[in-house]
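Q: Please take me slowly through one part of this structure, as I am seeing it for the first time. I would like a close look at the last helix, followed by an account of what surrounds it.

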Amino acid sequence: MAFNQDNYVSMYTVWELDDEMTDFEQLNSLLEKCISKTTDNEAETCICYGFSYDEGNEHLYCNDTYVNARGVGIHMQNVSEYMSNF
């Protein structure tokens, strides 16, 4: 059996939401900016990118996949201005 080599990189980041991060209107606005920046600038390198909350809104999850490690680097440069808010 032969396997095709791929270079995909998937990340699954989890943030624990504290009292300072439970203004969901503000948080969702920030997430929309991250998504817009990603979709506008990473069409060739980003396969999927999205956010979700757990049932109790205690955690924020980011699930993203890139064609390779270079795609991760491009993504981190694109959204670094927003990361200090997390």
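The second helix and its surroundings

A: The buried residues of helix H2 pack against S1, H1, S2 and S3, and this is a convenient place to begin, with the caution that everything described here belongs to a predicted model. The residues of H2 that count as buried are Gly71, Val72, His75, Asn78, Val79 and Tyr82. The helix itself covers residues 69-83 and has a kink of about 40°, which is centred on Gln77. At the start of H2, the backbone nitrogen of Arg70 has a side-chain oxygen of Asn68 within 3.2 Å of it.

One residue of this helix deserves a look of its own. His75 lies in helix H2, and it counts as buried because its relative accessibility is 3%, where the cut-off for a buried residue is under 20%. When residues up to four places away in sequence are not counted, His75 touches Thr38, Glu42, Tyr49, Asp64 and Tyr66. Among these partners, Thr38 falls within the stretch 24-41 that forms helix H1, Tyr49 within the stretch 46-53 that forms strand S2, and Asp64 and Tyr66 within the stretch 59-66 that forms strand S3.

The strands against which H2 packs can be taken next. The three of them make up an open sheet in the order S1-S3-S2, and the pairing is antiparallel. Strand S1 (9-16) and strand S2 (46-53) are the edge strands, each of them pairing on one side only. From one strand to the next, the twist averages 10°. The other helix, H1 (residues 24-41), packs on this sheet and touches S2 and S3, with its direction making about 175° with that of S2.

Within the sheet, the two pairings can be followed residue by residue. As general background, strands of a sheet pair through backbone hydrogen bonds, in either a parallel or an antiparallel way. S1 and S3 (residues 59-66) are joined in the antiparallel sense over eight bridges. In this pairing, Val9 stands opposite Tyr66 in S3, and Thr13 stands opposite Cys62, again in S3. Tyr66 therefore appears twice in this account, as the residue opposite Val9 and as one of the residues that buried His75 touches. The pairing of S2 with S3 is also antiparallel, and here seven bridges join the strands. Gly50 has Asn63 of S3 as its bridge partner, while the bridge partner of Tyr53 in S3 is Leu60. S3 is mostly covered, with six of its eight residues buried.

S2 and S3 also form a hairpin, in which five residues lie between the strands. Asn57 belongs to the loop between S2 and S3, and its phi is near 55°, a positive value in a residue other than glycine. With a relative accessible area of 35%, Asn57 is partly exposed. Although Asn57 and Phe24 are 33 residues apart in sequence, their C-alpha atoms are 9.3 Å apart in space. Phe24 has its place in helix H1, and it too is partly exposed, with a relative accessible area of 25%. Leaving aside neighbours within four places in sequence, Phe24 is in contact with Leu17, Tyr53 and Asn57. The residue Tyr53, already met as the bridge partner of Leu60, is thus among the contacts of Phe24 as well.

It remains to set these parts within the whole chain. The secondary structure comes to two helices and three strands, and from the N terminus on the elements run β-α-β-β-α. The C-alpha trace spans about 50 × 30 × 15 Å along its principal axes. Of the 86 residues, 31% count as buried, and the protein exposes about 6000 Å², of which carbon and sulfur atoms supply 44%. Among contacts between residues at least 6 apart in sequence, 64% join residues at least 24 apart. Returning to H2, its buried residues, His75 among them, are the ones that pack against the three strands and H1.

Note on methods
Residues numbered from 1 in each chain as written. Predicted model: local features only at pLDDT ≥ 70, side-chain atom pairs only at ≥ 80, totals over all residues. Heavy atoms only, no water. Pairing = 2+ DSSP bridges. Helix = DSSP H or I, 4+ residues; strand = E, 2+ residues; numbered from the N terminus. Axes fitted to C-alpha atoms, helices over the stretch in contact; angles between N-to-C directions. Contact = heavy atoms within 4.5 Å. Bend = angle between axes of the 7 residues up to and from the residue. Buried < 20%, exposed > 50% of the residue type's maximum accessible area, 1.4 Å probe, protein only. Polar contact = N/O pair within 3.5 Å; in protein donor to acceptor, adjacent residues only side chain to side chain. Areas by Shrake-Rupley, 256 points an atom, 1.4 Å probe, with all protein chains shown as cover.
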